There are 2 protein chains.
Amino acid sequence: MNAINLQQKLKKFSDHWHPRQIAGIDDMQVLLAKVKGEFVWHKHEKEDELFQVVKGTLFIQFRDRTEEVKQGEIIVVPKGVEHCPMTKDGEEVHIMLFEKLSVKHTGEVTDEKTRTTYPKI
Amino acid sequence: MNAINLQQKLKKFSDHWHPRQIAGIDDMQVLLAKVKGEFVWHKHEKEDELFQVVKGTLFIQFRDRTEEVKQGEIIVVPKGVEHCPMTKDGEEVHIMLFEKLSVKHTGEVTDEKTRTTYPKI
């Protein structure tokens, strides 16, 4: 029951597209990630996914359009919807994710970016 | 699937201790609230509760101590733990809450601050 400082947690890792777990709420978890460039097209069949941008600007590509999510904004990607997060101009973007403990970050896809564990930090 | 800007949402209401719903993720919800002064001692028997401070400094009183949660920090209050949020020196604090749709914000207590609905904004 201590306050969790996102900036302090973000100092603990530097790799991209590998979420770290910083808290749990019921059957959901809070993850932090640093991202840069383009991720992988995927979907989560059973879980919604919330992104909050902590630093920078995230672009979430959907099949028909791209949504810009600025620092301090949130977006929910509903279950079943294909998406592919990316950043532009080589920017490193910091994001917080809220989602079920069961979520795999690359969804139904296995890719070189797939990580099977989200270390607690 | 649009970005949600917290600052724009916060402009839509001004009353204290009355959360507004801005998003849903599976069986959980994201709420925004403006708070000032002291809330009500309560607990949630079945639900954890996550607070994120968007502006100002929130103090969460537990029975044995008080935790300070600064802007940009988060804290999870586990189910069953009595707590009473407050602000100091008349500061209006803006918070985002992440919790089950089933949560009642005053928990097992009914008080003059109790609101039975969280309007969507």
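How many bridges join strand E2 (residues 20-25) of chain A to E3(A)? Select both strands to find out: there are five bridges, and the two strands run antiparallel. Keep in mind throughout that this is a predicted model.

**Stop 1: the hairpin**

Keep E2(A) and E3(A) selected. Together they form a hairpin, with two residues between them. Pick Asp26(A) in the turn; its phi is positive, at about 55°. Now step along the paired strands. Arg20(A) has Leu32(A) in E3(A) as its bridge partner. Further on, Ala23(A) stands opposite Val30(A) in E3(A).

**Stop 2: strand E3 of chain A**

Select residues 28-35 of chain A, which make up strand E3. Is each face of this strand covered or uncovered? Both faces are covered. On one side are Met28(A), Val30(A), Leu32(A) and Lys34(A), and on the other are Gln29(A), Leu31(A), Ala33(A) and Val35(A), all of them buried. A residue counts as buried when its relative accessible area is under 20%. Eight of the eight residues of E3(A) are buried, so the strand is largely enclosed by the rest of the structure.

**Stop 3: the other neighbour of E3(A)**

Add strand E9 (residues 93-100) of chain A to the selection. Eight bridges join E3(A) to E9(A), and these strands run antiparallel. To see one of the pairs, pick Val35(A), whose bridge partner in E9(A) is Val93(A).

**Stop 4: the whole sheet**

Widen the selection to the six strands of the open sheet, in the order E2(A)-E3(A)-E9(A)-E4(A)-E7(A)-E1(B). The pairing is antiparallel. Which strands stand at the edges? They are E2 of chain A and strand E1 (4-5) of chain B. Each has a single partner strand, so one side of each is left without a neighbour in the sheet.

**Stop 5: two chains**

Show chains A and B together. A rotation of 180° with 0.0 Å of shift along its axis superposes chain A on chain B, with an RMSD of 0.0 Å. The two copies are thus related as by a two-fold rotation axis. The same surface serves both copies, as 100% of the contact residues of chain A recur in chain B.

Next, select the residues where the chains meet: 36 residues of chain A are in contact with 36 residues of chain B. The area buried between the two chains is about 2,800 Å², and carbon and sulfur atoms give 61% of it. Highlight Met1(A), Asp26(A) and Ile74(A), which supply 27% of the area that chain A buries against chain B, more than any other three residues. Asp26(A) has appeared already, in the turn of the hairpin.

Charged and polar pairs also cross between the chains. The count between chain A and chain B is four salt bridges. For one of them, select Asp26(B) and Lys79(A), whose closest N and O atoms are 2.9 Å apart. The interface also holds 13 residue pairs in polar contact. Among the elements that give two or more residues to the side of chain A that touches chain B are E2, E3 and E9 of chain A.

**Stop 6: three residues of chain B**

Move to Phe98(B), which is found in strand E9 (residues 93-100) of chain B. Phe98(B) is buried, with a relative accessible area of 1%. Show its contacts beyond four places in sequence: they include Ile25(A), Met28(A) and Phe98(A) from chain A, and Ile25(B), Met28(B) and Leu50(B) from chain B.

Glu99(B) lies in strand E9 of chain B too. Is Glu99(B) buried or exposed? At 0% relative accessibility, Glu99(B) counts as buried. Apart from neighbours within four places in sequence, Glu99(B) is in contact with Met28(B), Gln29(B), Leu31(B), Asp48(B) and Glu49(B).

End at Arg20(B), in strand E2 (residues 20-25) of chain B. Arg20(B) has 12% relative accessibility and counts as buried. Show the side chain of Asp15(B) as well: the side chain of Arg20(B) makes a polar contact with it, at 2.8 Å. Other residues that Arg20(B) touches include Phe13(B), Leu32(B), Pro119(B) and Ile121(B).

Terms used
Residues are numbered from 1 along each chain as its sequence is written. Chains are lettered from A and ligands numbered from 1 in the order in which they are written. This is a predicted model: local features need pLDDT of at least 70, side-chain atom pairs count only at pLDDT 80 or more; totals for chains, interfaces and linings use all residues. Side-chain values use heavy atoms; hydrogens and water are left out. Buried means under 20% relative accessible area, exposed over 50%, partly exposed in between (1.4 Å probe, protein chains only). Helices (H or I, at least four residues) and strands (E, at least two) are DSSP runs, numbered from the N terminus. Two strands pair if DSSP finds at least two bridges between them. Copies are superposed by least squares on the C-alpha atoms of residues with pLDDT of at least 70 in both. Contact means heavy atoms within 4.5 Å. Buried area is the accessible area (1.4 Å probe) that two parts lose on being put together, summed over both. A salt bridge is a side-chain nitrogen of Lys or Arg within 4 Å of a carboxyl oxygen of Asp or Glu. A polar contact is a pair of N or O atoms within 3.5 Å; within protein, one must be able to donate a hydrogen and the other to accept it, and residues adjacent in sequence count only if both atoms are side-chain atoms.
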